[in-house]
Amino acid sequence: MPDNIVLIGFMGSGKTTVGKILAANLGWSFLDTDAMIEEDAGLSIKEIFARYGEQYFRELEQAAVARAAASRRAVIATGGGAVLSGVNVQRLREGNKVVWLQVGLETALQRAGVTGDRPLLQGRRQEEVAELIKHREPYYAFADVYVETDGKNAAAVAGEIKEALKLWLANLK
Ligand code: S3P
């Protein structure tokens, strides 16, 4: 079994920050599909969207997800839209535990809105981001574990994930 822990959730839910802490804590490797895409393309996510558009980004994302999902005992942080693809969902679920980091509108905007490196948040009004969160929620709901992240620091969220997966972790062969 690949036995990875896969973090999914909206932009600003803390997948990368929490994932790094959790991986260090478990002594596992850490993979971030957005970082893999940037490395492969030699461009930032923002530049990929600007030059080639979202569809091309999603193709690169599918390849990065396939590669990440083929690893063993890694914590994998995915981009917020990776689960829009059924193929990605299938690959991410297979033999792994999927954790949904939940985040509310205000926290998402505080954490991700200000940095300017999320093309899908650029120039969007607050109501539009709220709509996007609502639209995305059903796509995250297949997760094995849900963790609310509002008002919590990343170490606390990592601790909750470890606790929720305690039995699974203890039984890994
Ligand atoms: C996206 C989320 C981003 C990144 C890209 C698209 C999305 O990742 O993959 O900007 O569709 O939600 P984060 O969730 O890590 O910000």
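Leaving out neighbours within four places in sequence, T33 touches A64, V65, A68, I76, A77, T78 and G79. Those contacts belong to a predicted model, and they are a handy way into its fold. T33 sits in helix 2, and with a relative accessibility of 0% it counts as buried. From there, this briefing moves to the chain as a whole, then to two helix pairs, and ends with a few single residues.

**The chain as a whole**

- The protein chain contains 9 helices and 5 strands.
- Following the sequence, these elements come in the pattern β-α-β-α-α-α-β-α-β-α-α-β-α-α.
- A compact globule of 173 residues would have a radius of gyration near 16 Å, and the 15 Å of the protein chain therefore agrees with that expectation.
- If you are setting the scene for a viewer, the C-alpha trace spans about 45 × 35 × 25 Å along its principal axes.
- Buried residues make up 46% of the 173 in the protein chain.
- Among contacts with a separation of 6 or more, 77% join residues that are 24 or more positions apart.

**Helix 2 against helix 4**

- Helix 2 covers residues 33-41 and helix 4 covers residues 54-69; the two pack at an angle of about 115°, and their axes are 9 Å apart.
- Angles of 65 to 115 degrees count as roughly perpendicular, and helix 2 and helix 4 are therefore placed in that class.
- The crossing of this pair is right-handed.
- On the helix 2 side, the contact is made by T33, D34, M36, I37, D40 and A41.
- Helix 4 contributes F57, L60, E61, A64, V65, R67 and A68 to the contact.
- Sorted by class, the residues of this contact are 8 nonpolar, 1 polar and 4 charged.

**M36, a closer look at that contact**

- M36 is another residue of helix 2, and it counts as buried because its relative accessibility is 12%, where the limit is under 20%.
- Beyond its neighbours within four places in sequence, M36 is in contact with L31, A64, R67 and A68.
- One of these partners, R67, lies 31 residues from M36 along the chain, and the C-alpha atoms of the two are separated by 9.3 Å.
- A64 and A68 appear in the contact list of M36, and they appear in that of T33 too.

**Helix 6 against helix 7**

- Helix 6 and helix 7 pack at an angle of about 110°, with 10 Å between their axes.
- That angle makes helix 6 roughly perpendicular to helix 7.
- L105, A108 and L109 of helix 6 meet Q126, V129, A130 and I133 of helix 7.
- This contact has 6 nonpolar residues, 1 polar residue and no charged ones.

**L121, in the loop between them**

- The loop that joins helix 6 (105-113) to helix 7 (126-140) holds L121.
- L121 counts as buried because its relative accessibility is 9%.
- Apart from neighbours within four places in sequence, L121 is in contact with F10, M11, A112, G113 and V129.
- V129 is also one of the helix 7 residues in the contact with helix 6.
- Measured out from C-alpha to C-alpha in the model, L121 and Y56 are 18 Å apart in space, with their positions 65 residues apart in sequence.**Backbone points to check**

- Most residues other than glycine have a negative phi.
- D3 is not a glycine, yet it has a positive phi of about 50°.
- D3 is found in the segment before strand 1 (5-8), and its relative accessible area of 7% makes it buried.
- R73, also a residue other than glycine, has a positive phi near 50°.
- R73 lies in the loop between helix 4 and strand 3 (74-77), and it is partly exposed, with a relative accessible area of 23%.

Terms used: Residues are numbered from 1 along each chain as its sequence is written. This is a predicted model: local features need pLDDT of at least 70, side-chain atom pairs count only at pLDDT 80 or more; totals for chains, interfaces and linings use all residues. Side-chain values use heavy atoms; hydrogens and water are left out. Helices (H or I, at least four residues) and strands (E, at least two) are DSSP runs, numbered from the N terminus. Buried means under 20% relative accessible area, exposed over 50%, partly exposed in between (1.4 Å probe, protein chains only). Contact means heavy atoms within 4.5 Å. Axes are lines fitted to C-alpha atoms, for helices over the stretch in contact, and angles run from 0 to 180 degrees between N-to-C directions. Angles under 35 degrees count as roughly parallel, over 145 as roughly antiparallel, 65 to 115 as roughly perpendicular and the rest as oblique. A crossing is left-handed if the near helix is turned anticlockwise from the far one by less than a right angle, and right-handed if clockwise. Ala, Val, Leu, Ile, Met, Phe, Trp, Tyr, Cys and Pro count as nonpolar, Asp, Glu, Lys and Arg as charged, and the others, Gly among them, as polar. The radius of gyration is taken over C-alpha atoms; the globule rule is 2.2 Å times the number of residues to the power 0.38.
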